[in-house]
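Student: I have a sequence and a 3D model open side by side, and I would like to learn how to read them. Could you walk me through it?

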Amino acid sequence: MIVYRLVCDHEHRFEGWFQSSEDYERQCETGVLLCPMCESKRVSRLPSAPHVQTARAPVPRDDAHEEPIELRKLLRMLQSITEDVGDRFPDEARRIHYREAPSRNIRGRASLEAVGELEEEGIEVLPIPDLSKLH
């Protein structure tokens with residue numbers, strides 16, 4: 001997993017997690033990568049130093065000028081741009097992947113086994129916590 005510091009054309013700074021540098025490039029080229037604050041597709045990498053986190057070392061923090069993104073705000077944004085398909089998530093993700101259903105952003109529930117099967121088929125999923133369970 002690679003973590004990049006990113007910035008959009010409106011100077012919103014945020015982090016992006018990618019499987020590889022090729023994954024980052026592909027998401028940029030296909031317009032999948034969006035700013036979580038303004039949904040701009042014009043996103044670029046910021047210079048950053050690599051780091052390795054150990055159990056004893058604190059996680060390095062970004063510079064003081066970077067705008068913090070609250071987890072709840074990000075999750076609410078994700079919920080607002082996705083359709084909740086509930087327990088049908090694995091089946092609906094397959095239907096979209098194999099072009100049997102219209103392409104759209106969906107969310108729902110799936111077991112770890114079902115998520116693993118989707119990933120084995122080349123279907124990308126992003127597990128996110130249930131916002132209703134956060135306090």
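Student: Let me start with a single residue: in which loop is Glu39 found?

Tutor: Glu39 is found in the loop between α1 and β3. One thing to keep in mind from the start is that this is a predicted model.

Student: What is the phi of Glu39?

Tutor: Glu39 has a positive phi of about 65 degrees, although it is not a glycine. With a relative accessible area of 41%, Glu39 is partly exposed. Glu11 is another non-glycine residue with a positive phi, near 70 degrees. Glu11 sits in the loop between β1 and β2, and it is exposed, with a relative accessible area of 53%. Arg99, just after α3, also takes a positive phi, of about 60 degrees.

Student: Let me step back to the whole chain. How many helices and strands does the protein chain have?

Tutor: The protein chain has 4 helices and 5 strands. Going along the sequence, their pattern is β-β-α-β-α-β-α-β-α. Of the 135 residues in the protein chain, 28% are buried. You can also ask how far along the sequence the contacts reach: among contacts with a separation of 6 or more, 48% are between residues 24 or more positions apart.

Student: How do I read a sheet? In what order do the strands of the open sheet lie?

Tutor: Read across the sheet rather than along the sequence. The open sheet has 3 strands in the order β2-β1-β3, with antiparallel pairing. β2 (13-18) and β3 (43-45) are at the edges with a single partner strand each, so one side of each has no neighbour in the sheet. From one strand to the next, the twist averages 45 degrees.

Student: How many bridges join β1 to β3?

Tutor: Strand β1 (residues 2-8) is joined to β3 by 3 bridges, and the two run antiparallel. For one you can look up in the model, take Val7, whose bridge partner in β3 is Ser44.

Student: Now the rings. How many aromatic pairs are found in the whole structure?

Tutor: A search of the whole structure finds 3 aromatic pairs. To read a pair, look at the distance between ring centres and the angle between ring planes. The ring centres of Tyr4 and Tyr24 lie 5.2 Å apart with their planes at 75 degrees; over 60 degrees counts as edge-to-face, so this pair is edge-to-face. Tyr4 belongs to strand β1 and Tyr24 to helix α1 (residues 21-30), so this pair links distant parts of the chain, 20 residues apart.

Student: Which residue besides Tyr4 forms an aromatic pair with Tyr24?

Tutor: Phe18 does: its pair with Tyr24 is edge-to-face, at 5.3 Å centre to centre and 80 degrees between the planes. Ring pairs thus link Tyr4, Phe18 and Tyr24 into a cluster.

Student: Are Tyr4 and Tyr24 buried or exposed?

Tutor: Both Tyr4 and Tyr24 are buried. The relative accessible area of Tyr24 is 6%, and Phe18 is buried too, at 1%.

Student: What does Ser21 touch?

Tutor: Leaving aside residues up to four places away in sequence, Ser21 touches Ile2 and Tyr4. Ser21 has its place in helix α1 and is partly exposed, at 30% relative accessibility. Ser21 and Ile2 are 19 residues apart along the chain, yet their C-alpha atoms are separated by 7.4 Å.

Student: And how do I describe two packed helices?

Tutor: Two packed helices are described by the angle between their axes and the distance between those axes. Here, helix α3 (residues 89-97) and helix α4 (residues 112-120) pack at about 10 degrees, with their axes 10 Å apart. Angles under 35 degrees count as roughly parallel, and α3 and α4 are therefore roughly parallel to each other.

Student: Which residues of α3 and α4 make the contact?

Tutor: From α3 come Phe89, Pro90, Ala93 and Arg94, and from α4 come Ala114, Glu117 and Leu118. By class, this contact has 5 nonpolar, no polar and 2 charged residues.

Student: Which residues of α3 are buried?

Tutor: In α3, Phe89, Pro90, Glu92, Ala93, Arg94 and Ile96 are buried. The buried residues of α3 pack against β5 (106-107) as well as α4.

Conventions:
Residues numbered from 1 in each chain as written. Predicted model: local features only at pLDDT ≥ 70, side-chain atom pairs only at ≥ 80, totals over all residues. Heavy atoms only, no water. Pairing = 2+ DSSP bridges. Axes fitted to C-alpha atoms, helices over the stretch in contact; angles between N-to-C directions. Parallel < 35°, antiparallel > 145°, perpendicular 65-115°, else oblique. Contact = heavy atoms within 4.5 Å. Nonpolar A, V, L, I, M, F, W, Y, C, P; charged D, E, K, R; others polar. Phe/Tyr/Trp six-rings, centres within 6.5 Å; stacked < 30°, edge-to-face > 60°. Buried < 20%, exposed > 50% of the residue type's maximum accessible area, 1.4 Å probe, protein only.
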